[in-house]
Amino acid sequence: MLAKINFDVLALFTVLTIAVLSLVPENAVTGDIGKFDVVLHALAYALICACAVIRRRTVWSALLMFASVVLFGFLIEFIQPLFGRSLEFRDLVANIIGSTTGLAAALAYKSATDPDWKRRSTDVS
């Protein structure tokens, strides 16, 4: 089932959705969502990171994708003030926690389903 999902497209779609929702004026996306803002941040970044990492062939490329997702979270938070939004430390923390959770989930899945993953991951050639 998972083999039929295009994880790169899903990750890109989630990135674009987060970018749009993060940069529109705050009053356009808040309401009842505000109560769960941190949870939604963590879930969204977990989804991005898991999707971005799951098809990588080595640990190094998985870690590069993880770093890219974390960097994206920082960039979004730091440019939000330019769009009438506020930079929130708790959102940064939620983004990192979500990204870490997504990385762990993807690596656990890869380890359980790909017997060559660990051997390939330690190859430096």
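Here is a friendly exchange between a biologist and a modeller about the structure above.

Modeller: Before we start, this is a predicted model, in which local features need pLDDT of at least 70, side-chain atom pairs count only at pLDDT 80 or more, and totals for chains, interfaces and linings use all residues. Residues are numbered from 1 along each chain as its sequence is written, and side-chain values use heavy atoms, with hydrogens and water left out.

Biologist: Good to know! In which helix is confidence lowest in the chain?

Modeller: Here pLDDT is the predictor's confidence in each residue, from 0 to 100. The chain averages 83, and 82% of the residues score at least 70. Where pLDDT is low, the predicted coordinates should not be read in detail. Confidence is highest in helix α5 (residues 89-113), at a mean of 93, and lowest, at 62, in helix α6 (residues 117-122).

Biologist: I always look for cysteine pairs. How many disulfides are there?

Modeller: A disulfide is a pair of cysteine sulfur atoms within 2.5 Å. The sulfur of C51 has its closest cysteine sulfur in C49, 9.5 Å away, which is too far for a bond. By this rule, the count of disulfides is 0.

Biologist: Is C49 buried or exposed?

Modeller: Buried means under 20% relative accessible area, exposed over 50%, and partly exposed in between, using a 1.4 Å probe and protein chains only. C51 has 3% relative accessibility and counts as buried. C49 has a relative accessible area of 0%, so C49 is buried.

Biologist: Which helix supplies the largest share of the largest nonpolar core?

Modeller: A nonpolar core is a set of buried Ala, Val, Leu, Ile, Met, Phe, Trp, Tyr and Cys residues joined through side-chain atoms within 4.5 Å. This one has 19 residues, and those touching the most other members are I18, Y45, I48, C49, V53 and F72. At least two residues each come from α1 (7-23), α3 (37-54), α4 and α5. The largest share, 7 residues, belongs to α3.

Biologist: And which helix gives the largest share of the nonpolar patch on the surface?

Modeller: Patches take residues with over 30% relative accessible area and no salt bridge, joining like charges within 9 Å and nonpolar side chains (Val, Leu, Ile, Met, Phe, Trp, Tyr) within 5 Å. The members here are L71, F74, L75, F78, L87 and I96, with about 520 Å² of accessible area together. F78 is partly exposed at 49% relative accessible area. The largest share, 4 residues, comes from helix α4 (residues 59-79).

Biologist: What separates the C-alpha atoms of A67 and C49?

Modeller: A67 sits in helix α4 and is partly exposed, at 40% relative accessibility. Along the chain, A67 and C49 are 18 residues apart, while their C-alpha atoms are separated by 9.3 Å.

Biologist: Which residue forms a salt bridge with D8?

Modeller: A salt bridge is a side-chain nitrogen of Lys or Arg within 4 Å of a carboxyl oxygen of Asp or Glu, and the structure holds 2 of them. In the bridge with D8, the closest N and O atoms are 2.9 Å apart. D8 lies in helix α1 and its partner in the loop between α3 and α4, so the pair ties together parts that are 48 residues apart in sequence. That partner is R56.

Biologist: Which side chain meets R90 in a salt bridge?

Modeller: R90 counts as partly exposed, at 45% relative accessibility. The N to O distance in its bridge is 2.9 Å, and the partner is E88.

Key:
Accessible areas come from the Shrake-Rupley method with a 1.4 Å probe; for residues, only the protein chains shown count as cover.
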